[in-house]
Amino acid sequence: MENLCVKVHQLSKSSRYTSLLQKWLMTQSRTPVQFASFSEVQQLPEKQSIAITFPLQDLAKFLSPNVNKSSFYIFKPNQRDIQTAEAFFIPSKQHIIDYSTSAVRMDHAPEMAEPEVCFLGRSNVGKSSLIKALFSLAPDVEVRISKHPGHTKKMNFFKVGKFFTLVDMPGYGFKAPKDFAEMVEPYLTQRTNLKRTFLLVDAKEGIQEMDNIAVEMLEEFGIPYVLVLTKIDTASKSVMAKNVLQIQDFVEKNAHTCFPQLFPISSLNYTGIHVLRCFIAHVTGNLPLSTE
């Protein structure tokens with residue numbers, strides 16, 4: 001992996017830049033939703049705007065020329081696509097976005113005709129924080145977040161109007177519910193309107209043993225899934241680059257039902273959130289991408 005790593009002098013500059021950008025975001029932000037809207041991101045200087053919108057594209061320029069970066073650009077919506085997708089996450093009287101219900105068993109899950117996506121990952125990987133960030137333009141939506149691992153004990157359903165549903169799944173690993181397998185496996189294998197599973201991985205840790213088990217389960221049942229790299233604001237550029245390349249190599253060699261592109265995100269400063277919203281709208285069949 002050494003020959004694929006980031007150029008050291010560029011990484012040190014990037015790390016300083018990221019730190020300064022985060023401090024600037026904090027000083028400029030008067031509310032928790034600063035830069036939650038893509039229109040606010042577009043007002044930033046171009047480098048900052050790209051860094052927040054397309055974190056993989058921002059990372060690519062620091063990688064060695066021989067690194068295969070083709071998977072970084074598979075899903076690359078234009079600004080109009082991102083703005084169109086954002087509209088799905090803004091509530092109105094005609095477009096209600098809200099928590100719907102919870103379930104502890106598949107037979108307790110609500111029957112819904114709308115397309116569905118779910119979020120799966122280890123305890124404390126940031127599932128609830130990610131969903132809260134996705135819904136940051138709908139502040140009345142209650143997404144419970146805890147500092148303690150294993151807070152989510154049920155499958156929590158959030159309706160996005162009449163278009164699609166987001167499901168926050170219990171975390172696996174430490175503090176997982178005792179009946180995790182009995183709860184999650186039937187949902188993943190029997191939910192006919194499930195369009196994509198988002199498997200979350202911590203940016204500082206990369207794919208761990210428990211994540212491998214989750215991947216094996218998804219692959220065994222042929223469930224389409226996407227890898228999301230969370231908490232990238234807590235990882236240095238060098239660590240993030242190492243894990244991105246390792247995950248890319250892992251997907252190329254071991255995955256068959258995984259979307260080839262990784263989605264790095266930060267729920268703190270909304271890096272990658274706008275493109276992830278766009279991807280969700282797209283895979284649920286609500287947003288054909290522009291051809292321009």
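Okay, let's start with one cysteine: Cys118 has a relative accessibility of 0%, so it counts as buried. Cys258 comes out at 10% relative accessibility, and because the cut-off for buried is under 20%, that one counts as buried too. And before I go on, please keep in mind that this is a predicted model.

Since we're on cysteines, how many disulfides does a search of the whole structure find? Zero. Just as a reminder, a disulfide is a covalent bond between the sulfur atoms of two cysteines.

Now let's step back to the whole chain. The protein chain has 292 residues, and 53% of them are buried. Its secondary structure consists of ten helices and seven strands. If you take the contacts with a separation of 6 or more, 76% of them are between residues 24 or more positions apart. As for the outside, the accessible surface is about 14100 Å², and carbon and sulfur atoms account for 52% of that.

Next, a pair of helices I'd like you to find on the screen. Two packed helices are described by the angle between their axes and the distance between the axes. Ours are α6, residues 127–134, and α10, residues 273–283. Their axes are 10 Å apart, and the angle is about 85 degrees, so α6 and α10 are roughly perpendicular to each other.

Which residues in α6 and α10 meet? From α6 we have Leu130, Ala133 and Leu134, and from α10 we have Ile273, Leu276, Arg277 and Ile280. Sort the residues of that contact by type and you get six nonpolar, no polar and one charged.

Let's take each helix in turn. Six of the eight residues in α6 are buried, so this helix is mostly covered. Those six are Lys127, Ser128, Leu130, Ile131, Ala133 and Leu134. And what covers them? The cover includes the strands β2, β3, β4, β5 and β6, along with our other helix, α10.

Over to α10, then. Ten of its eleven residues are buried, so α10 is largely enclosed by the rest of the structure. Among those buried residues are His274, Val275, Cys278 and Phe279, and Arg277, from the contact with α6, is on the buried list as well. After α10 comes Gly285, which has a positive phi, near 80 degrees.

So that's the tour, and I'm happy to go back to any part of it on the screen.

Definitions and conventions. Residues are numbered from 1 along each chain as its sequence is written. This is a predicted model: local features need pLDDT of at least 70, side-chain atom pairs count only at pLDDT 80 or more; totals for chains, interfaces and linings use all residues. Side-chain values use heavy atoms; hydrogens and water are left out. Helices (H or I, at least four residues) and strands (E, at least two) are DSSP runs, numbered from the N terminus. Buried means under 20% relative accessible area, exposed over 50%, partly exposed in between (1.4 Å probe, protein chains only). Contact means heavy atoms within 4.5 Å. Accessible areas come from the Shrake-Rupley method with a 1.4 Å probe; for residues, only the protein chains shown count as cover. Axes are lines fitted to C-alpha atoms, for helices over the stretch in contact, and angles run from 0 to 180 degrees between N-to-C directions. Angles under 35 degrees count as roughly parallel, over 145 as roughly antiparallel, 65 to 115 as roughly perpendicular and the rest as oblique. Ala, Val, Leu, Ile, Met, Phe, Trp, Tyr, Cys and Pro count as nonpolar, Asp, Glu, Lys and Arg as charged, and the others, Gly among them, as polar. A disulfide is a pair of cysteine sulfur atoms within 2.5 Å.
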